[in-house]
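Open your viewer and keep the sequence panel in sight. We will go stop by stop, selecting a few residues each time.

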Amino acid sequence: QELEEMLQNHFGTSFFMKSYPKSNLRNDFEKSKEIWLIGRDLGKITDEEWYFFEKYVQKDVKIKVLVVNPEDSAAIGYLKKASSKQEHDILIQTEIKTTIAKWQGLIKNHETRVELRVIDQPIAFGAYAVDLNSDIGDGKIYLDLYVYRAKFDGRVKLVLSPSDTIWYDV
């Protein structure tokens, strides 16, 4: 509690959020040139923002999507164990396949602007990133940490941005 108050006083906003301010996330999407979406199945963001994603690719925005491979039994098995809802393997696979099918439909018309990849590893976070490669350093990463067997509202949500134009000092 004390740490959160200190951070809120310093940054002017709450550092630990129950959900992202929707207007900020959408505004960041709308002004971006590149959006990255990473997560287990991305079902919620895909459904909620689909209309806007269709508009963005028409405006020449590049969208990169990464989800768990629904055919990888080890990754699906871990996701099943990590979920507080004790979901069945088939439900998890169906959610991921539904998202993949939706994005593949968009790729047909915009193959140079939409990229879809699957990973054979469980993903322990969800992320929405905008303009990470921007020359002016205004990119942001909206990060949602999946805590093992945590309820949906128990996840840790953070918004990260560079303090200058450099993300990493290598």
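How many bridges join E5 to strand E6? Select residues 156–160 for E6, then add E5, residues 140–145. There are 5 bridges between these two strands, and they run antiparallel. Look for Ile141, which stands opposite Leu160 in E6. Keep in mind throughout that this is a predicted model.

**Stop 1: the other partner of E5**

Now add strand E4, residues 125–130. E4 and E5 are joined by 6 bridges and run antiparallel. Click Val130. Opposite Val130, in E5, is Lys140. Remember Lys140; we will come back to it. As you look at the side chains, recall a rule: in a regular strand they alternate between the two faces of the sheet.

**Stop 2: the whole chain**

Zoom out and colour by secondary structure. You should find 5 helices and 6 strands. Trace the chain from its start, and the order reads α-α-β-α-β-α-α-β-β-β-β. The chain has 170 residues, and 38% of them are buried. Its accessible surface is about 10600 Å², with 52% belonging to carbon and sulfur atoms. Now think about contacts between residues with a separation of 6 or more. Of these, 65% are between residues 24 or more positions apart.

**Stop 3: the nonpolar core**

Select Phe29, Ile35, Leu37, Phe53, Ile63, Trp103 and Tyr128. In the largest nonpolar core, which has 37 residues, these seven touch the most other members. Several elements each supply at least two residues of this core, among them helix H2 (22–31), strand E1 (34–39), helix H3 (43–58) and helix H5 (89–109). Strand E2 (62–68), helix H4 (73–82), E4 and E5 do so too.

Stay on Phe29. Which residues is Phe29 in contact with, leaving aside its neighbours within four places in sequence? Show Ile35, Leu37, Ile45, Glu49, Phe53, Tyr56, Tyr128 and Val130: those are the ones. Val130 is the residue you met opposite Lys140.

**Stop 4: a salt bridge from H2 to E5**

Next, look at charges. Side chains of opposite charge can pair when their charged atoms come close. The structure holds 10 salt bridges. Select Asp28 and Lys140. Their side chains meet in a salt bridge, 3.4 Å from N to O. This pair links distant parts of the chain: Asp28 lies in helix H2 and Lys140 in strand E5, 112 residues apart.

Is Asp28 buried or exposed? Asp28 counts as buried because its relative accessible area is 6%, under the 20% cut-off. Lys140, at 25%, is partly exposed. Add Lys31 to the selection. Asp28, Lys31 and Lys140 are linked in a network of salt bridges.

**Stop 5: a salt bridge from H5 to H3**

Move to Lys102 and Asp47. They form a salt bridge, with the closest N and O atoms 3.4 Å apart. Here, too, distant parts of the chain are linked: Lys102 is in helix H5, Asp47 in helix H3, and they are 55 residues apart. Lys102 is partly exposed, at 29% relative accessibility. Asp47 is exposed, at 54%.

**Stop 6: one last pair**

Finish with Glu115 and Arg117. Their salt bridge has its closest N and O atoms 2.7 Å apart. Glu115 is partly exposed, with a relative accessible area of 30%. Arg117 is exposed, with 52%.

Key
Residues numbered from 1 in each chain as written. Predicted model: local features only at pLDDT ≥ 70, side-chain atom pairs only at ≥ 80, totals over all residues. Heavy atoms only, no water. Pairing = 2+ DSSP bridges. Helix = DSSP H or I, 4+ residues; strand = E, 2+ residues; numbered from the N terminus. Buried < 20%, exposed > 50% of the residue type's maximum accessible area, 1.4 Å probe, protein only. Contact = heavy atoms within 4.5 Å. Areas by Shrake-Rupley, 256 points an atom, 1.4 Å probe, with all protein chains shown as cover. Core = buried A, V, L, I, M, F, W, Y, C linked by side-chain atoms within 4.5 Å. Salt bridge = Lys/Arg side-chain N within 4 Å of Asp/Glu carboxyl O.
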